[in-house]
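I opened the file to look up ion sites, helix contacts and a few single residues, and I kept notes as I went.

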Protein chains: 2
Amino acid sequence: MNTVVDWRKSVALTGTVVKFLSVAMLVPLVVALVYGEDVGVFGVSIVGTVLLGLAVEQLDPGTELREREALLFVALTWFVVAVVGAVPYVLAGWGTASTLADPVNALFESMSGFSTTGATVMGEIGTDRHSHAIMMWRQVTQWLGGMGIIVLMVAILPELAVNGAQLISEEAPGPTLEKLTPRISETARILWQAYFAFTVLLAVLLYGLHLAGYAPNMDLYNSVAHAFSTLPTGGFSTKPASIAAFSAAVQWVIIPFMVVAGTNFALFWYLFDGEVRTVFEDTEFRAYAGATAVFTAVLFGLLFSGAAPALANGGTTEGAFANALRQAAFQVGSLMNSTGYATSDFAQWEAHSQLVLLLVMFVGGSAGSTGGGIKVVRWLIVLKTLRRELFHASHPDAVRPVRLGDVVVDEEAIRGVVGFTLLYLLVFGFAAVFIALDATRVGIPLTPMEAVGASLAAIGNIGPAFGRLGPFGSYLMLPDTTKVVMILLMWAGRLEIITVLVVFTRSFWQR
Amino acid sequence: MNTVVDWRKSVALTGTVVKFLSVAMLVPLVVALVYGEDVGVFGVSIVGTVLLGLAVEQLDPGTELREREALLFVALTWFVVAVVGAVPYVLAGWGTASTLADPVNALFESMSGFSTTGATVMGEIGTDRHSHAIMMWRQVTQWLGGMGIIVLMVAILPELAVNGAQLISEEAPGPTLEKLTPRISETARILWQAYFAFTVLLAVLLYGLHLAGYAPNMDLYNSVAHAFSTLPTGGFSTKPASIAAFSAAVQWVIIPFMVVAGTNFALFWYLFDGEVRTVFEDTEFRAYAGATAVFTAVLFGLLFSGAAPALANGGTTEGAFANALRQAAFQVGSLMNSTGYATSDFAQWEAHSQLVLLLVMFVGGSAGSTGGGIKVVRWLIVLKTLRRELFHASHPDAVRPVRLGDVVVDEEAIRGVVGFTLLYLLVFGFAAVFIALDATRVGIPLTPMEAVGASLAAIGNIGPAFGRLGPFGSYLMLPDTTKVVMILLMWAGRLEIITVLVVFTRSFWQR
Ligand SMILES: [K+]
Ligand SMILES: [K+]
């Protein structure tokens, strides 16, 4: 069969990914064994997943993977993996009071995990309500999602020149990207090493704090669980109070790792090579670090001047200055790159601080990181392009390229970046209105900040929003229609929107 | 003097405009004479304006007007005219309880008039509180603003190729535009004729309704006053209840004229020539009419199903069906193209309907009309461009132009349009956050809908927002800082943003 898009190739590859998903399910299985919990849920899931993966793999027509089949594969895989990953939630919840027994909720939680969003409909969070295995599975889905994003960003999207994604590869060091093949590129492997190393390092540090007596409740289980959701900018926690459940020491340690998670991982390769200057001369990194510093300073000023009376949260004994600084740095670090952890219920802060956080949420992570959203490099290009338009208004005949550091940005990439940013804002705006209308329809009127926050938290893969949908809250109360829309937003948002949308266009399937 | 930008040329031309502004002040002077009111305010204003204009005109270096000097002229003129136009408000308010005695309020009201925004800080509106002359001056400022916009759109911006404004001229019929000169182009004159004719026709129809007994309070004064603010999509009214103060018959008559005000005036030239098909084949007109119809239908559905219990407003005797249809058509017709009239306090409607209106407010008028906002033709190009990006994702090597009707849209124009839309949304978003923060600062916390509405109403030159800033409300309560920001937004919004911003860039003044 020599069709334009051979869907069998894409579906078969998805089968391979599903097959390997069963390997990841070994983690919660081991957890269940260690804690003496029911091993049936993950035992059944593993067997089912392997069989499904193997069966679907058989579709492989043995041809080469072409560009559009790769796009279809990416869009399909994130969705199918979320569906398969939801099965343990449904199985574990079966016959219990768990909200995840409901398939829509389970899929929401699973897509929220694999898209590294971290929005939850779990209702009562914690290992006292759910098994250690299930709680760990949530964390694992985020870590897998982050791994997937790294491949997508550095090995797949740049080859397809979607949304100006080629910019990302320009920044990537090491061997030039191979022509798109089912094999993971060398660059991705290098970045995976950084991802893996930072995850291990964070887990070790957190557990070290525990052993040293600085973090009573940060046991080995929680150390691993939070390392799993920090590096992918995931944001899921095993505690209903997120990172506020842990000591100030834990919170201080997590801050730099969140910043790392939103940084282009390729830069660590230079750092490892001793090229510190290269890192600090990187335009995007400077902007990312600068924005973090500025927003932290502003938020610190607001918090220190009393914007959040209830900041005692977290059981800290430090002074008001250190407390405000920690809260500000943590929340900016968490929301800017779309992690979504919280050390305080910022939904209770006064309006100024929440509006600052809303702005922060529009920034996004860096290219080549696991962070979501519009992303720093895109904002740089958008702002430079708008400045050029302004220049053109007074110099209509001048030709001026847009530069990023020393590199001249390709005009087609600019078009892609500006188009993406506009598309993102439009989808965000329409979804916010839809969510507001839908909630009103079922008699749960949302405040505008709740509706706007929910839309942004989903498409930006951030997680928490404001009001009742804040970091200590839940999306459980929302109608199924809104949950489904949010599932689609998380899916599309994580795959840079166009990767998902394109599969639904007629021209995708035609020559 | 042979500088890059000879500001004397721009300033001198502004002087000429100011000189002619005094002619427009004869209208309120005549009104004052007719109603036996104090003629001092406008007498003094006219003399002062003429002298100021004549004096400034002397700066003219006698050189030709070049492109950047034209831009500076446009930006400067709208601001200076607003300042001069504020003088009668201050003079008339002097020593009285009028809120317009305050210079910031007076400038707000004047800029709101000349930018055809229609947002008010007048406090108590009406000829019982203010002289007939002052109330008429507000209406006249809007009509003048609309005249200015027509010249700007068809004779100045297209020559400068700002924001893809060249698109507008492609649609314009008649003699090709002359090279930019101080003389008004032939095209502008043709469009002015349509503008003038429709204004007279509306005034005659409204007064005709009055004489026929269908509109008791629509006397000659009110007929002229509302014709003056309908055609420029202005929205000022002599009544605090806007058009709800008049009969249903009046409201029905105004609806088509609002639609006309948001239509490319060039199309009426074809219509006049009997080329009806050309009009209905115009891509933008079809989209504009289509959007009006769809939004009206949606809003009708909501209103008919009880979204606005207090719809009895307007003293109508028609049934609920006709009432809901009239309200829906009127409010969509008014808010889509940025007129801002109201026949009901839509700020009291339930959330669904207000969100629909919020969406409507993002549309804008047509190119070549007096309507503000992003504009229909830009949305068409943005959507077609995004669709092309989607196509490119699956056909990376394909070259596909963006078409508008039969015309291939120039890539530079596309860049301008997409950039403008993004800039508009960014300025709108930042201003909304600023307005929210600023109001909280002075202890008048706004709801998000109020802050978002105020920002959009100003930059989109719409006028009314939501909540306390709704059509029957006022911006008077806001702090001076917010009022100044809104003055800047109205100014920049009316001049397509870049025309104003560019004057503040360093490169504008350099070679
Ligand atoms: K997240
Ligand atoms: K208006």
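Before reading any burial value, I noted the cut-off: a residue counts as buried when its relative accessible area is under 20%, and as exposed when it is over 50%. I also noted that this is a predicted model.

**Entry 1: the ion of chain A**

I began with the potassium ion (ligand 1) and asked which atoms coordinate the ion. I found A:T116 (O), A:T117 (O), A:T233 (O), A:G234 (O), A:S338 (O), A:T339 (O), A:N461 (O) and A:I462 (O), at 2.4 to 2.9 Å. Along the chain, I read the spacing of these donors as T-T-x115-T-G-x103-S-T-x121-N-I. I then checked the burial of two of the donors: A:T339 has 0% relative accessibility and therefore counts as buried, and A:S338, with a relative accessible area of 2%, is buried.

**Entry 2: the ion of chain B**

For the potassium ion (ligand 2), I listed the protein donors as B:T116 (O), B:T117 (O), B:T233 (O), B:G234 (O), B:S338 (O), B:T339 (O), B:N461 (O) and B:I462 (O), which lie 2.4 to 2.8 Å from the ion. The spacing I wrote down for the donors of ligand 2 is T-T-x115-T-G-x103-S-T-x121-N-I. I placed B:S338 in the loop between α14 (320–336) and α15 (351–361) of chain B, and B:I462 in the loop between α18 (448–459) and α19 (480–494) of chain B, so this pair ties together parts that are 124 residues apart in sequence. I looked up the accessibility of both: B:S338 counts as buried at 1%, and B:I462 counts as buried at 1%.

**Entry 3: α17 and α18 of chain A**

I turned next to helix packing, where two packed helices are described by the angle between their axes and the distance between the axes. For helix α17 (residues 411–441) of chain A and helix α18 (residues 448–459) of chain A, I noted an angle of about 135 degrees, with the axes 8 Å apart. The two helices, α17(A) and α18(A), are therefore oblique to each other, and the crossing in which α17(A) passes α18(A) is right-handed. From α17(A), the contact is made by A:Y424, A:V427, A:F428, A:A431, A:A432, A:I435 and A:A436, while α18(A) brings A:A451, A:V452, A:A454, A:S455, A:L456 and A:I459. Sorting the residues of this contact by class, I got 12 nonpolar, one polar and no charged.

**Entry 4: α1 and α2 of chain A, with a look at A:S22**

The axes of helix α1 (residues 7–24) and helix α2 (residues 26–34) of chain A come within 4 Å and cross at roughly 25 degrees. Because angles under 35 degrees count as roughly parallel, I entered α1(A) and α2(A) as roughly parallel to each other. The residues in contact are A:S22, A:V23 and A:A24 of α1(A) and A:L26, A:V27 and A:P28 of α2(A); by class, I recorded five nonpolar, one polar and no charged residues.

I then followed A:S22, which lies in helix α1 of chain A, and found this serine buried, with a relative accessible area of 5%. Not counting residues up to four places away in sequence, A:S22 touches A:I46, A:T49 and A:V50.

**Entry 5: A:P216**

Is A:P216 buried or exposed? With a relative accessible area of 66%, A:P216 is exposed, and I located this proline in the loop between α8 (186–211) and α9 (220–230) of chain A. Last, I took the C-alpha separation of A:P216 and A:S369, which is 31 Å for residues 153 apart along the chain.

Conventions
Residues numbered from 1 in each chain as written. Chains lettered and ligands numbered in written order. Predicted model: local features only at pLDDT ≥ 70, side-chain atom pairs only at ≥ 80, totals over all residues. Heavy atoms only, no water. Axes fitted to C-alpha atoms, helices over the stretch in contact; angles between N-to-C directions. Parallel < 35°, antiparallel > 145°, perpendicular 65-115°, else oblique. Left-handed = near helix turned anticlockwise from the far one by under 90°. Contact = heavy atoms within 4.5 Å. Nonpolar A, V, L, I, M, F, W, Y, C, P; charged D, E, K, R; others polar. Donors = N, O, S within 2.8 Å, 3.2 Å for Na, K, Ca; no water. Buried < 20%, exposed > 50% of the residue type's maximum accessible area, 1.4 Å probe, protein only.
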